Each structure stands twice: as structure tokens, then as C-alpha cells.
Amino acid sequence: MKYFSLLFTLTKEDYESFENKRMKAELMSKLKPISVIVILMAVMAIFIDISFLVAFFALMITMIALPYLINRISSEETRKNSNIFGREMTVDFYDDHFETKYLPQGNFKSHTVRHFGFDTVTAVLESVTHFYFIFNTNNILVIPKRVLDTEKFTMIKNLIDNLFKSKYSVI
């Protein structure tokens, strides 16, 4: 049974918002395990040689910044070459799955339909401006809050509370 539908077009800002949050989360996940090592290296550098610390920090910055820059360029290229970026889409909320449809537009004469079962949701993230449903298929359903009226916002929050509470987090 279908409960409700949303019709919207994701903007460049919608994609960038998620990319920035994802990159920040990845950065934090990389920094946490190495923080102990950084402290130990700093203590060793004080007693051994300060140039060792400078070289270590240069290496760490390179290890963190280079993947970020490569990913940023790759994401921009992916969006530029994407067949779905900028196309109007419908998201239907059923009792056991989501259905996304990218509608025909411009050179694209057909529509694309994808079904995502609730059992494939691995995480639900909420930011100030978006909901992100992340699936075990490495797909992400981005729902901008700007397209939600009060009733649909409440329905999504109820869905999260009833089915995805253990997978939900605010970012």
C-alpha cells in the first residue's frame, strides 16, 4: 500500500551537502584511530628530534588531504556525466519499501524505477536540511526537507521512529 509520494529535483547543493557530510565523517573516522599515534609521535619528537615531527605531520596531512581532493574531483565528474542528475524524481513511500522514479526529461525519453526494501536500509541520517536513507546496495536516497510539508515530515519521522530507530542518527 502506498502512503504518500514526493516529487522533486535534487540540486547541486543537495549532492554537495551530502558529500561534505560524508567526507567529514570519513575524516573523523580516520583521525580517531591515529590520534594516539600522533600524541606518541609528538612526545617522541620532543625528546628525539623535532624535524621527525614535522615530517610525520606532512605525511599525515598528505594522507588525509589527497583522498579528499581526489574524491571531490571524482564526485564533480560523476555529477557532470550523470544521466539522473537534475532530473525530476518521484519517491513513493510504501508499507515495506521505497520506490524512486526518475522521470523523462530533455534527451531522456524513458523513466528509471528503483525499489529499495526497508530491510536493505543500513542507516538513516538527518541533517538540518536533508534526510539520507543509506542502503546495503551502496545507494543513497536523499530527501531534501524543503520539499516536505508538515504532514509528510511527520510521516517520515514516524517511519524512522517505528522502523529505523536503531539505525538513525543526526549529523
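The following questions and answers look at aromatic rings, one open sheet and one loop residue in a predicted model.

This is a predicted model in which local features need pLDDT of at least 70 and side-chain atom pairs count only at pLDDT 80 or more, while totals for chains, interfaces and linings use all residues. Residues are numbered from 1 along each chain as its sequence is written, and side-chain values use heavy atoms, with hydrogens and water left out.

Reader: Is T120 buried or exposed?
Author: T120 lies in the loop between β4 (112-117) and β5 (121-126), where strands are DSSP runs of E with at least two residues, helices are runs of H or I with at least four, and both are numbered from the N terminus. Buried means under 20% relative accessible area, exposed over 50% and partly exposed in between, with a 1.4 Å probe and protein chains only. The relative accessible area of T120 is 18%, so T120 is buried.

Reader: Is the pair of F98 and F133 stacked or tilted?
Author: Rings of Phe, Tyr and Trp (its six-membered ring) pair if their centres lie within 6.5 Å, and planes under 30 degrees apart count as stacked, over 60 as edge-to-face and the rest as tilted. By this rule there are nine aromatic pairs. For F98 and F133 the centres are 4.8 Å apart and the planes stand at 55°, so this pair is tilted.

Reader: Which strands does the pair of F116 and F135 link?
Author: The ring centres of F116 and F135 are 4.4 Å apart with planes at 20°, so the pair is stacked. Both F116 and F135 are buried. These two residues, 19 residues apart, link distant parts of the chain, namely strands β4 and β6.

Reader: Which strands stand at the edges of the open sheet?
Author: Two strands pair if DSSP finds at least two bridges between them, and the open sheet of four strands, with mixed pairing, has the order β7-β6-β5-β8. Each edge strand has a single partner strand, so one side of each is left without a neighbour in the sheet; the edge strands are β7 (140-144) and β8 (168-170).

Reader: What is the bridge partner of L125 in β6?
Author: The strands β5 and β6 pair in the antiparallel sense over five bridges. Within this part of the sheet, the partner that L125 finds in β6 is Y132.
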